[in-house]
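Below is a walk through one protein chain, taken helix by helix and then residue by residue. Please keep the structure open while reading.

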Amino acid sequence: MLILGLNMFHADASAAIILDGEIKFAVAEERLNRRKHFGGFPGLAVKACLDAVGAKISDIDHVAVGQDSEANLAKKVQYALANPAKILNFIRLRQRKEAVRDVRSLLARALEVDSAQLRFQEHHLEHHIAHIASAYYCSPWDKAAGFSYDGSGDFVSTMTARCEGNEIEVLDRVFLPHSLGSVYTMICEFIGYTQYGDEGKVMGLAPYGKDTYCGEIAKIVKPESAGFKLDLGYFKPLGSNQGMQVLPDGTVRLARHFSARMEKLFGDPRRPHTEITQREMDLAFALQQRFEEIFFHLANRLHERVQLDDLALAGGCALNSVANGKLFDRTPFRRTYIQPAAGDEGLAIGAALHTYHSFLKQPRRHELKSSYLGPEFSESRIQSALQNAGLQFRRFERVALLDAVSEQIAAGNVVGWFQGRMEWGPRALGNRSIVAHPGLPDMKDVLNARIKHREWFRPFAPSILAEYQHEYFEHDHPSPFMLHVYKIRPEKRKALCAVNHVDDTGRLQTVAREENPMYYDLIAAFQRKTGSPVVLNTSFNENEPIVCTPEEAVDCFRRTRMDVLAIGPFLVVKPTTEKEDTLRAFSPGKRQGS
Ligand SMILES: [Fe+2]
């Protein structure tokens, strides 16, 4: 049975295909059309899904969409009536949603077939149920607590559930305008991060702040027995577009969230690309602290209700790896499962798996242990990309390649590492990664100056061989998808200085050999040379979606100051003179925001 899952006309549009309950392929449209957070129809992703399993759209049995415009309709109408200025907007959005529901025509048009050939059944699933399904049905558990939170989806910002067997029983919903994700977005905008998806940057800024505004920020969102409540005086009314607009070309825009009260309290908002002051750091600190307090309040309450120690966690806010890392200290939960695409691209697999298990009552069988669900490319395609770019390269056997690449990393060079299938979700996890030495004090500045151009306050992440996690980190719950931040043990901080954040933490990826033997063996080869079972891992890109194809990797290698490219079995080393020019041109980044 073939099921196609879709997230469409929503940020991070994506498609996934499952065959008899197993996820065969999944990809976000942004990786294919190269437009970050693209929110239109994922036509290229659908084609890639079909190609991956050798199917035609007419072979698909079910299409599942992680969005249901009929869900929570009474709440939407109630909100629109209470905000008369937004009623026209509400009606417009309803009309657009009707068009969105015509999945058959959309797919027929995208794949240039007659819609009469399409025999699939169509399913629409509420946004947060699809989020929870994406975590629970990928987890190894037969029962678990389910929790999803984000800015909004189908007029809900937070959902809790009891998951058992093939059922997800919804316990609570928090409806808009009350949204923890909106609080995060609002303060991010106020401190100058105004683009969709900027929240992760501000999470990195928080540890530089002090407890100056915690009292003030705590007034914005307050816990309640059934959830939490915002003081709406700090927010502009968001209307029925829920604070986010997807333009007809698929661009995702954020509306301004903060009201004049924020300016009265904290002064002028910081303009993007200007200097970051202590005020912004202190606001980020207070925001992260309040976010965690509310999250732990909700999680503790959920634990009381379900009395289970396993938590299937999802939604855009589940990408807050700092909060995830503290969960085991602040709640009774003992294990979490967060699938690698916890944000909205993950809705595609959630909708598909929910259709398979809950609607069609098919047995559970698939635990998602690795994120490598995207496209892969043949050796001949990679070779052509290198030849067409006019690069000098050598082909190596596996062991020799690992030896040569680990030697380059040990020598302090920056390596583009492109192997196998692309990762599903926002993190590069060793197949589309830039890899470097984690113990060189200037490596963070080198990477920023030469390739990444990221804000000075954002840390780089460590990938660690799974069996060494407890030696280097204070928690041993695994983090295979780089979704937990833990304290680094004091005696290891120097050895990990390039990935040790200002608060002595690291957002680690634990690498088990059965999940990615090639990447594991690379780190093991590096360990034999240096004694360190850890490498620095950052995504293979430069202010763009992570590279997908060999051509994009080669292009990124050529236009940045990466030293080495290891792509499939081939190795390219930039001439020494070019590297030396780069080093001469290098000067550590100024303390300035983006
Ligand atoms: Fe979401």
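A crossing is called right-handed if the near helix is turned clockwise from the far one by less than a right angle, and left-handed if anticlockwise. The model discussed here is a predicted one. In this model, the crossing of helix 11 and helix 12 is right-handed. Helix 11 covers residues 278-306 and helix 12 covers residues 321-330; their axes are 10 Å apart and pack at an angle of about 50 degrees. Helix 11 is therefore oblique to helix 12. From helix 11, the residues that meet helix 12 are Gln288, Phe291, Glu292, Glu293, Phe295, Phe296, Ala299 and Asn300. On the side of helix 12, the partners are Val322, Ala323, Asn324, Lys326, Leu327 and Arg330. By class, the contact of helix 11 with helix 12 has seven nonpolar, three polar and four charged residues.

One of these residues, Gln288, leads to helix 8. Helix 8 (residues 199-205) holds Met203, and the C-alpha atoms of Met203 and Gln288 lie 6.7 Å apart although 85 residues separate them in sequence. Met203 counts as buried because its relative accessibility is 11%, under the 20% cut-off. Beyond its neighbours within four places in sequence, Met203 is in contact with Tyr184, Gln288, Leu319, Asn320, Ser321 and Val322.

A second pair of helices gives another geometry. Helix 6 and helix 13 (residues 347-359) pack at an angle of about 85 degrees, with 7 Å between their axes. The two helices, 6 and 13, are therefore roughly perpendicular to each other. Helix 6 contributes His127, Ile129, Ala130, His131, Ala133 and Ser134 to the contact, and helix 13 contributes Leu347, Ile349, Gly350, Ala351 and His354. The contact of helix 6 with helix 13 divides into six nonpolar and five polar residues, with no charged ones.

Helix 6 (residues 127-136) also contains His128. Is His128 buried or exposed? His128 is buried, since its relative accessible area is 0%. Leaving aside neighbours within four places in sequence, the contacts of His128 are Ser148, Tyr149, Asp150, Ser152, Gly153, Val156, Ser157, Thr158 and Met159.

Arg173, in strand 8 (residues 167-175), is partly exposed, with a relative accessible area of 30%. Its contacts, again without neighbours within four places in sequence, are Asn72, Glu126, Ile129, Val156, Thr158 and Met159. Between the C-alpha atoms of Arg173 and Pro545, which are 372 residues apart along the chain, the separation is 33 Å.

The next topic is the nonpolar interior. In soluble globular proteins, nonpolar side chains tend to be buried together. Here the largest nonpolar core has 100 residues, of which Ile23, Tyr149, Ile187, Ile220 and Met262 touch the most other members. Helix 11 supplies the largest share of this core, 13 residues. A second, separate core has 37 residues, among them Leu496, Val499, Val547 and Phe570. Apart from neighbours within four places in sequence, Ile220 is in contact with Val183, Met186, Ile187, Lys229, Leu230, Asp231, Tyr234, Phe235 and Met262.

Last comes helix 16 (residues 443-452), which is mostly covered, with eight of its ten residues buried. The buried residues of helix 16 are Met443, Lys444, Val446, Leu447, Asn448, Arg450, Ile451 and Lys452. His453 follows helix 16 and has a positive phi, near 50 degrees.

Conventions
Residues numbered from 1 in each chain as written. Predicted model: local features only at pLDDT ≥ 70, side-chain atom pairs only at ≥ 80, totals over all residues. Heavy atoms only, no water. Axes fitted to C-alpha atoms, helices over the stretch in contact; angles between N-to-C directions. Helix = DSSP H or I, 4+ residues; strand = E, 2+ residues; numbered from the N terminus. Parallel < 35°, antiparallel > 145°, perpendicular 65-115°, else oblique. Contact = heavy atoms within 4.5 Å. Nonpolar A, V, L, I, M, F, W, Y, C, P; charged D, E, K, R; others polar. Core = buried A, V, L, I, M, F, W, Y, C linked by side-chain atoms within 4.5 Å. Buried < 20%, exposed > 50% of the residue type's maximum accessible area, 1.4 Å probe, protein only.
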